[in-house]
Amino acid sequence: MVSLSSYIKKLGEKMSNMQPWKQNVASIIDFAEKIFPDVEVVTRELSGKISTTNYKNISLRAKKLGSALEKFGIEKEQCVGSLALNTFRNMEMYYGISGMGAVMHTINFRLHPEQVVYIINHAENRLIFLEPVFAPLLEAVQDKCPMVEKFVLLCAKEEMPETNLKDAVSYEEFIENGDESYTWPELEEDAPCGLCYTSGTTGNPKGVLYSHKSTLLHAWAGSSANGLGLQKNDSILMVVPMFHVMGWGLPYLAPMNGIKLVLPGMGMDGAALTELIEKESVTLAFGVPTIWLGLLNYCKENNIKLESVKQTIIGGSAVPYSMIKQFDEEHDINVIQGWGMTETSPLATANLKTPAMEKLSKDELYKLQTKQGKPIYGVELKIVDDEGSVLPNDGEAFGRLLIRGPWINKRYYKFEEDAVDADGWFDTGDISTIDSEGYMTIVDRAKDVIKSGGEWISSVDLENVAQGHPDIMQACVIGVAHPKWDERPLLLVVPANDKKDKDDIFGYLDGKIAKWWKPDDIVFLEELPLGATGKVLKVNLRDQYKDHLMS
Ligand code: AMP
């Protein structure tokens with residue numbers, strides 16, 4: 001009898017007899033072109049016009065782009081920058097750029113211009129694709145980006161604005177000379193395909209470089225029954241920006257599964273979104289809480305029910321109980337909360353509805369849905385204390401959340417040292433609990449947690465409760481200096497109406513939170529400052545109100 005190892009050795013195989021895997025994300029759009037050619041991709045263009053294309057056209061035009069990039073002289077592993085909205089052209093870039101072996105570098109156009117300059121230079125972009133609306137932003141800083149040789153504006157030739165951007169050309173002209181029969185190269189196992197920088201509220205943004213393999217694995221995992229809850233007949237509204245963690249993987253997941261995509265372009269307001277939802281019979285919508293707040297308010301004011309939508313996936317920051325309730329009661333929409341970060345590709349946990357959840361009371365269900373969910377296969381989670389000792393999964397103990405897996409960041413782009421410990425665990429900077437069923441709950445961002453007299457108060461929990469008050473549209477809790485307790489919670493409120501009654505709010509909180517968690521004061525604000533990905537900028541608020549309780 002020949003042993004397995006000598007048999008394998010004889011064949012010259014490494015470990016088994018299976019075929020090697022072509023690791024190019026463009027294989028997804030190739031597949032969609034053949035198997036789901038007519039599935040629609042709908043875009044609200046900058047003009048407001050709604051246009052429809054399909055996966056076949058996107059695939060053919062992505063190939064034209066890939067070959068045009070090659071003709072231009074873009075080489076494998078070079079980063080090509082984009083300041084782009086959610087549109088069909090952005091989908092083509094996702095495949096055209098990564099598919100030809102370069103790196104799709106998505107730039108968050110909401111960042112401060114100095115950060116945009118830093119990112120462009122750090123990634124050594126030679127070529128930048130941009131929406132015509134962002135031309136003024138780049139015109140003002142192009143002198144500070146000497147490596148950029150050419151700017152491609154995402155429009156037709158006749159839509160080109162007056163611009164002094166270097167060697168500017170329209171996208172349609174740029175791809176004109178491309179070849180739609182271009183074949184994607186085969187790439188190395190860990191070849192890079194995408195680059196995203198963290199929002200960087202402190203210090204310079206840091207780049208996370210995704211590989212073809214990690215992106216494909218992430219897309220498969222997201223498509224699984226424990227992933228993002230996609231259904232064959234879904235019409236997906238992708239409100240999450242394509243510059244934020246590769247659009248949460250949706251540009252890959254949707255064509256991989258032959259699912260219709262609806263892309264809102266610039267139209268993020270309630271009127272534009274509801275029109276698109278109704279017209280395109282959207283069934284599954286992806287967004288962050290701040291945008292959904294605007295949508296829910298718009299629907300309430302205009303008496304609109306989002307009839308077609310069955311589920312919404314929300315992530316990016318904690319989803320308040322009141323939002324989950326409102327989606328269910330007013331629109332019959334189930335909320336799936338997801339948690340992840342730029343460093344985790346992003347999908348790590350999801351809170352999908354299970355048969356057991358159907359049996360819960362509404363209140364129990366909504367409470368359970370405020371948890372960030374269970375990990376999907378491929379990622380592992382653990383919580384540790386300050387000394388690094390593992391804490392129990394009892395739903396009570398909370399500590400730093402660590403994660404590892406094949407689509408989790410190992411090292412930031414161009415950094416020498418690893419961002420993980422010796423066993424591959426990445427510290428997320430979030431504080432959380434994990435319960436005996438595996439549900440992970442974010443208690444706070446480590447830097448947002450409030451330390452009052454040595455005890456911890458969760459700003460997320462307090463916000464969640466406060467947000468349930470009928471006169472509160474948005475609530476934010478920060479820790480501010482206190483002469484006796486070091487730090488105490490301060491509640492900042494954007495009112496839902498003219499009523500600004502502190503006593504009423506304090507009365508509402510009584511009994512719903514521990515007595516010593518009660519905020520020391522309430523401040524009413526017109527709006528909360530938002531960061532580049534829609535998260536409340538607590539750093540700014542902490543700075544602004546740091547002495548509020550000292551006087
Ligand atoms: P970013 O890298 O910009 O996507 O930010 C990632 C961070 O957003 C995480 O580390 C969390 O602090 C926060 N985050 C993302 N999803 C959630 C969620 N569902 N609940 C609470 N915080 C979240």
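## Ligand contacts

A nitrogen atom of the ligand lies 3.0 Å from an N or O atom in the side chain of Gln337, a distance that, like every other value in this report, is computed from a predicted model. Two further contacts involve oxygen atoms of the ligand: one oxygen atom is 2.8 Å from an N or O atom in the side chain of Arg445, and a polar side-chain atom of His244 is found 2.9 Å from an oxygen atom of the ligand. On its own the ligand has 490 Å² of accessible area, and the protein covers 92% of that area.

## The shell around the ligand

Around the ligand there are 16 residues, of which Gly338, Thr342, Gln372, Asp430 and Arg445 come nearest. Sorted by class, this shell holds nine polar, four nonpolar and three charged residues.

Strand E14, which spans 334–340, and strand E20, which spans 440–445, each supply at least two residues of the shell. The largest share, four residues, comes from E14.

## Lys512 and Tyr508

Lys512 is found in the loop that runs between helix H16 (502–509) and strand E25 (521–524). Its relative accessible area is 46%, and because values between 20% and 50% are classed as partly exposed, Lys512 falls in that class.

With respect to Tyr508, Lys512 is placed in two ways: Lys512 lies over the face of the Tyr508 ring, 3.7 Å from the ring centre, and a polar atom of the Lys512 side chain is 2.9 Å from the backbone oxygen of Tyr508. Glu188, by contrast, is 55 Å from Lys512 in space, C-alpha to C-alpha, and 324 residues from Lys512 in sequence.

## Aromatic rings

Across the whole structure, a search finds 15 aromatic pairs. One aromatic cluster is formed by Phe72, Phe129, Tyr171 and Phe174. A lysine is also placed over the ring of Tyr412, where the charged end of Lys206 sits 4.5 Å from the ring centre.

## Helix H15

Why is helix H15 described as largely enclosed by the rest of the structure? The helix covers residues 459–466, and six of its eight residues are buried, so the surrounding structure encloses most of it. The buried residues of H15 are Ser459, Val460, Leu462, Glu463, Asn464 and Ala466.

Key. Residues are numbered from 1 along each chain as its sequence is written. This is a predicted model: local features need pLDDT of at least 70, side-chain atom pairs count only at pLDDT 80 or more; totals for chains, interfaces and linings use all residues. Side-chain values use heavy atoms; hydrogens and water are left out. Rings of Phe, Tyr and Trp (its six-membered ring) pair if their centres lie within 6.5 Å; planes under 30 degrees apart count as stacked, over 60 as edge-to-face and the rest as tilted. A charge sits over a ring if NZ of Lys or CZ of Arg is within 6 Å of the ring centre and within 35 degrees of the ring normal. A residue is near a molecule or strand if one of its heavy atoms lies within 4 Å of it. A polar contact is a pair of N or O atoms within 3.5 Å; within protein, one must be able to donate a hydrogen and the other to accept it, and residues adjacent in sequence count only if both atoms are side-chain atoms. Accessible areas come from the Shrake-Rupley method with a 1.4 Å probe; for residues, only the protein chains shown count as cover. Ala, Val, Leu, Ile, Met, Phe, Trp, Tyr, Cys and Pro count as nonpolar, Asp, Glu, Lys and Arg as charged, and the others, Gly among them, as polar. Buried means under 20% relative accessible area, exposed over 50%, partly exposed in between (1.4 Å probe, protein chains only).
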